[in-house]
Amino acid sequence: MADIDAALREIVRLRAAGLCEYCRISERFTLAEHEIDHVIAVKHGGQTIAENLALCCAVCNRFKGSDIASIDPETGQLTPLFNPRVDHWDDHYQFAKWRNPGSDREGPRHSLASADESLRESQRAATSAALRPQQGCR
Ligand SMILES: [Zn+2]
């Protein structure tokens with residue numbers, strides 16, 4: 001892992017306003033402090049400069065790792081991963097409606113609370129999926 005000095009970390013953290021730049025969960029709602037991600041990993045020639053760094057929650061960072069592309073499950077095509085320095089989040093993602101567990105009522109739309117709850121649900125599902133053993137692995 002490349003050394004990232006404190007001043008550069010602060011630039012990245014302030015630019016992201018404390019939100020993971022991939023899933024947009026606030027650092028206030030995670031157990032672990034958000035990490036600094038190299039959008040293009042050092043091993044792929046990425047530099048340790050603000051233009052190549054993103055604030056990233058631990059869950060997103062574990063999933064992304066040093067990857068820069070993946071196979072799209074719908075098309076089977078090699079597809080670049082979301083790049084928060086180039087791509088626009090709203091072009092690729094949307095917040096799902098939040099439904100209060102055990103209630104038939106929908107929660108408020110477009111509120112920070114609903115977004116954060118939706119993201120926490122996504123993170124719980126992603127964490128659960130990540131911890132599940134892969135089929136065929138022994
Ligand atoms: Zn995230």
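Here are legends for a few close-ups of a predicted model.

**View 1. The whole chain and its elements.** Residue numbers start from 1 along each chain as its sequence is written. Since we're looking at a predicted model, local features need pLDDT of at least 70 and side-chain atom pairs count only at pLDDT 80 or more, while totals for chains, interfaces and linings use all residues. The protein has 4 helices and 4 strands (DSSP runs numbered from the N terminus: H or I of at least four residues for helices, E of at least two for strands). Reading from the N terminus, you get α-β-β-α-β-β-α-α.

**View 2. Where the confidence goes up and down.** Mean pLDDT (the predictor's confidence in each residue, from 0 to 100) is 80 for the protein, with 69% of residues at 70 or more. Strand S2 (residues 53-56) has the highest mean among the elements, 98, and helix H4 (residues 112-131) the lowest, 49. Residues 107-115 stay under 50, with 11 contacts beyond four places in sequence (a contact puts two C-beta atoms, placed from the backbone, within 7 Å).

**View 3. The largest nonpolar core.** This one has 13 residues, and Cys-20, Cys-23, Cys-56, Cys-57 and Cys-60 have the most contacts inside it. A nonpolar core here is a set of buried Ala, Val, Leu, Ile, Met, Phe, Trp, Tyr and Cys residues joined through C-beta atoms within 7 Å; buried means 20 or more other C-beta atoms within 10 Å of a residue's own, again placed from the backbone. S2 chips in the largest share, 4 residues.

**View 4. Around Cys-60.** Ignoring neighbours within four places in sequence, Cys-60 touches base with Cys-20, Tyr-22 and Cys-23 as contacts.

Technical notes. A residue is buried if 20 or more other C-beta atoms lie within 10 Å of its own, exposed if 12 or fewer, and partly exposed in between; C-beta atoms are placed from the backbone.
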